[in-house]
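Subject: Model handover and notes

Hello,

Here is the model I promised to pass on. Please open it alongside the notes below.

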Amino acid sequence: MGMTDKLASRIPALADRVDRSDVVAVVKLHGVITPTPSPLARGSINLASMESALTRAFDHDRLRAVALLINSPGGAPTQSGLVAERIRQLADRKDVPVLAFAEDVAASGGYWLACAADEIFAHRTSMVGSIGVLSGGFGFTGLLERFGVERRLHTAGENKSRLDPFSPEKPEDVEWLKKMHSQLHEVFVSWVRERRGDRLSDAEDLFTGDVWLGQQALELGLVDGIGNLREVIEDRYPGAEISIAEPKRPLLAKLGLSAPAAASAMLDAVSQRATWSRFGL
């Protein structure tokens, strides 16, 4: 048999070997959760930016599981819910398990995303939890007058200008905001209880917005194990191919930032930096 014939005879065997390989698709959920699209789609999470990656992850023919690699301090509750619900929709459609792996932080909205998984794993040093609601801003009362600027604000509806940063804060507006926070908190807690069930402990401070390191999060039932992605996947699915599902890059990421986009990206970076800093990162 000639060399060409020998090579040809081996090709089907190699193809068969590749076809038998299982796939575990990995989706990286890294960054602040925000509805505001980033010019580079980097460092932020929302349904629009993650849809293509999630679809690719669940589209593998030899798919055994999908792994979520989470590193997020949280952000917008609606986007957290939309992304988590999309993950569950795809997982139920494909009937495959979803595993979440917390890196530095899976807190607030980041933990909301983690709860979309069937099982959650954390590193011993991961910060997990922060099941609460937070909003913040600045008050600029008197700033315009100092510089001789007259602000003209006209509304229809007595509550249209609630929490206006250039007007004195009203007690009734603060009370309204607190009620809104309480309602969002109830939705968050309900989601966690739905997904974690009787794995949760009955600790009184579980839903106070506190954060725990990996081992204590395990004791509280917020996670199912201590471990990283590769060691867990190798143990669960030996020989499986790990495939990273990357989102599509937007046009500006391919062509480079324009000056206005660069300015916008800088402001986004400042805001996101503040969100990360709450966890000392």
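The notes run from the overall picture to the strands, a helix and a few single residues.

**Ground rules**

This is a predicted model: local features need pLDDT of at least 70, side-chain atom pairs count only at pLDDT 80 or more, and totals for chains, interfaces and linings use all residues. Residues are numbered from 1 along each chain as its sequence is written, and side-chain values use heavy atoms, with hydrogens and water left out.

**Overall**

The protein has 10 helices and 10 strands. Both are DSSP runs numbered from the N terminus: helices are H or I with at least four residues, strands are E with at least two. Of the 281 residues, 38% are buried. Buried means under 20% relative accessible area, exposed means over 50%, and partly exposed lies in between (1.4 Å probe, protein chains only). The exposed surface is about 16,400 Å², and carbon and sulfur atoms supply 53% of it. Those areas come from the Shrake-Rupley method with a 1.4 Å probe; for residues, only the protein chains shown count as cover.

Take contacts with a separation of 6 or more: 74% of them join residues 24 or more positions apart. Contact means heavy atoms within 4.5 Å.

**Strands**

Start with S5, residues 98–107. Because 8 of its 10 residues are buried, S5 is largely enclosed by the rest of the structure. S5 pairs with S4 (residues 63–72), parallel, through 6 bridges. Pairing requires at least two DSSP bridges between the strands. Ser72 stands opposite Ala106 in S5. S5 also runs parallel to S6 (residues 119–122), with 4 bridges. Here Ala100 faces Ile120 in S6 as its opposite residue. A parallel pairing with S7 (residues 127–129) adds 3 bridges. In that pairing, Ala106 stands opposite Val128 in S7.

S1, residues 23–30, is mostly covered, with 6 of its 8 residues buried. S1 pairs with S4 in the parallel sense over 8 bridges. Val24 has Ala65 as its bridge partner in S4. S1 is also joined to S10 (residues 241–244) by 4 bridges, again parallel. There, Val24 stands opposite Ile242 in S10.

**Crossovers and H3**

S4, H3 and S5 form a right-handed β-α-β unit. Right-handed means that, with the strands pointing away from the viewer, the path from the first strand over the helix to the second runs clockwise. S5, H4 (residues 109–114) and S6 form a right-handed unit as well.

H3 covers residues 77–94, 18 residues in total. From first C-alpha to last, H3 reaches 26 Å, close to the 26 Å expected at 1.5 Å a residue. The expected span is 1.5 Å times one less than the number of residues. Buried residues in H3 include Val83, Ala84, Ile87, Leu90 and Ala91, and also Arg86 and Arg88. Asp95 follows H3 and has a positive phi, near 55 degrees.

**Cores**

The largest nonpolar core holds 48 residues. Val27, Leu29, Phe58, Val66, Leu68, Tyr111 and Leu222 touch the most other members. Another core, of 13 residues, lies apart from it; Val24, Val26, Ala65 and Ala240 are among its members. A nonpolar core is a set of buried Ala, Val, Leu, Ile, Met, Phe, Trp, Tyr and Cys residues joined through side-chain atoms within 4.5 Å.

**Single residues**

What does Tyr111 contact, leaving aside neighbours within four places in sequence? Its partners are Ala106, Ile120, Val128, Gly129, Ile131, Val192, Arg196 and Leu222.

Ile120 sits in S6. At 1% relative accessibility, Ile120 counts as buried. Not counting residues up to four places away in sequence, Ile120 touches several residues, including Ala100, Tyr111, Arg196, Leu222 and Asp224. The C-alpha atoms of Ile120 and Ala100 are 4.7 Å apart, with their positions 20 residues apart along the chain.

Ser49 belongs to H2 (residues 47–58). Ser49 is buried, at 17% relative accessible area. Beyond its neighbours within four places in sequence, Ser49 contacts Ser44 and Pro247.

Gln216 lies in H7 (residues 214–220). Gln216 is partly exposed, at 41% relative accessibility. Its C-alpha is 9.8 Å from that of Met127, 89 residues away along the chain.

Best wishes
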